[in-house]
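Colleague: I would like a close look at one part of this model, with the cut-offs stated as you go.

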Amino acid sequence: MTKGEVVAETPEAFPSSSGLKHSPWFWAAICVLTIAVVLIATFEILLSRAEPILRARLVQSLSARFHSRVEMGAFEVSLLRGFEVSGKDLAIYPYNVASNVPMFSVRHFAFRTGYSSLLRSPMHIGNVDVEGLRINLPPRSERRPLPGPLDDHRRSGEKSTVPTIFVAQMDCTDTVLTVGTDKPGKLPLRFVIRSLQLRSVGAGKPMDFTASLTNPKPVGQIESRGFFGPWNADHPGATSLGGTYSFRNADLGTFKGIGGILSSDGGYQGTLDKIVVDGTTDTPDFQVKISGYKVALHTEFHAIVDGTDGNTYLQPVKAQFLHSSLIAQGYVVRAQGEAGRHTYLDVTMDQARIEDLLRLAVRTDPPVMEGQLKLHTRLDLPPGPQDVAHKLRLQGNFAIVNGRFSNEKIQNKVDELSLRSQGEIELAQQKEREAKLAIVRSQMRGDFNLADASLNLSNLHYDIPGAHIKLDGIYSLDGARFNFTGTADMQATISRMVGGWKGLLLMPFDRVFAKNGAGTEVPFKVDGTKSDPHFGLDLGRRNPPPGKPAIPRQTKKTPPIGIGVGPTQ
């Protein structure tokens, strides 16, 4: 090539502009990256704004719903699948409760809702999972109006514009309900609720619920369905509730001195302060430990329960066991200054058998007596560590018709006494030789006083053909000891009762033993044990003055029972 010669440019010398083009994938990646950056920025903006908005909305809604100061710990919002919300350490303090303990507290909660839900009023939430719910119902003394934002708002007459939240369902685990008490020295009632499901949770509406819980005493499992609310913030005790329940595997052995596995079904309605309960119970193996005899016990009851302190008023209870029935009215209340509950009942038995009652309460097999029984007593069962048989106190009266003793030795003595009292000495001797004494049916009535596992009988009147017996004494529930003294008034004179040559010798004494219109009046005593009773004359005992019952020898006089008169409904 010579100087000055022009050289033409060829494509090989410079790359073509078409080589600067990128593939479609390159530009797609650029677009995706740009959109992602925009979305992340948008999410960050939404998240930064949604979290305080949701937190404030939740706090304001709870505050308005329960008229309370609301505190909350950690609160987090995720936008990956709608609004996913979780929080910790939620506490609600009603303005009209003077307590440093929150009425409601939650260890952890979580729920998810759609984006559009934020714009709705009320805000709709499908399901809330709650862990560690604690409900503390304060005693009446702590429920009083206190100054607070709610009072100022009410006085202004303005309508509330606080947003509301409607929850379709709440699933609660590890829930504890505590009911406070004003009684000095008393511990609050505490119920551990294994699972609690609340439905249709919203302001001004009752909540449907399903609950499973463990009853503290007697220990057993309770399943219940019903409604609760709407919540009465001014007067929590006036909050309405109602539903049905089933109580299973309740171990009565929790109470010292009795045993059996109880089941119960029923329904309830009313308010927290006054819950009306109607139900039945069945205990196929009920027993009083001192007797050791098991009976099937069925009851039907109508009761009024104060849900704020657990006091129960029975109006009435109808019970059936073996061939006997009873009706009881009274109350079971928390004892002043003592642990446990005090039971007071007024008990009437018009259709009963004495052998049924003895089987249940006395360690004797067979029972010492059979016959139709009518009884009225006031029952006083105080709390305390003793078993039921030793702390149970009864005071009342009874009547036995067509009674007979199951102990053949005792009944033979009664049969022989009846014949001799009528002057049928020869027939009595004949029957005794043949061991074919006719069974004499007796009638008995008197007063009784049970304390310290001993039955004290007074003003006891025992009637058989030909004789009237007045008796006083004491009988231990374990059957190990009894001691009775009394007098027997018989139609026949002493000489006719003895008969034979001994009777002739006793004729001069007929006038001595004849008294108060009776042919013979003889003091006697019965003592020993259930397996070895002893009968005999007690001629050395001075007869008491008229109108004053005899006092058994070598026995202590049981102090009277003080049965209080409880509140009425």
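Is Lys294 buried or exposed?

Modeller: Lys294 is exposed, at a relative accessible area of 51%, where exposed means over 50%, buried under 20% and partly exposed in between, computed with a 1.4 Å probe and protein chains only. Before going further, I should say that this is a predicted model, in which local features need pLDDT of at least 70 and side-chain atom pairs count only at pLDDT 80 or more, whereas totals for chains, interfaces and linings use all residues. Residues are numbered from 1 along each chain as its sequence is written, and side-chain values use heavy atoms, with hydrogens and water left out.

Lys294 lies in strand E14, which covers residues 294-305; strands (E, at least two residues) and helices (H or I, at least four) are DSSP runs numbered from the N terminus. If residues up to four places away in sequence are not counted, Lys294 touches Asp285, Phe286 and Gln287, a contact being heavy atoms within 4.5 Å. Leu360 is 66 residues from Lys294 in sequence, while the two C-alpha atoms are 7.4 Å apart in space.

Thr312, in strand E15 (residues 312-321), offers a contrast in exposure, for Thr312 is buried with a relative accessible area of 17%. Leaving aside neighbours within four places in sequence, Thr312 is in contact with Ala303, Ile304 and Val305, and also with Gly330, Tyr331 and Val332.

Elsewhere, strand E2 (residues 75-78) has alternating side chains: Phe75 and Val77 are buried and point to one face, whereas Glu76 and Ser78 point to the other and are not buried. Strand E3 (residues 83-94) pairs with E2 in the antiparallel sense over four bridges, pairing requiring that DSSP finds at least two bridges between two strands. Within E3, Val85 is the bridge partner of Val77.

As for the setting of these strands, the chain holds nine helices and 25 strands, and 44% of its 569 residues are buried. Among contacts in the chain with a separation of 6 or more, 54% are between residues 24 or more positions apart. The chain exposes about 31200 Å², of which carbon and sulfur atoms supply 58%, with accessible areas taken from the Shrake-Rupley method with a 1.4 Å probe and, for residues, only the protein chains shown counting as cover.
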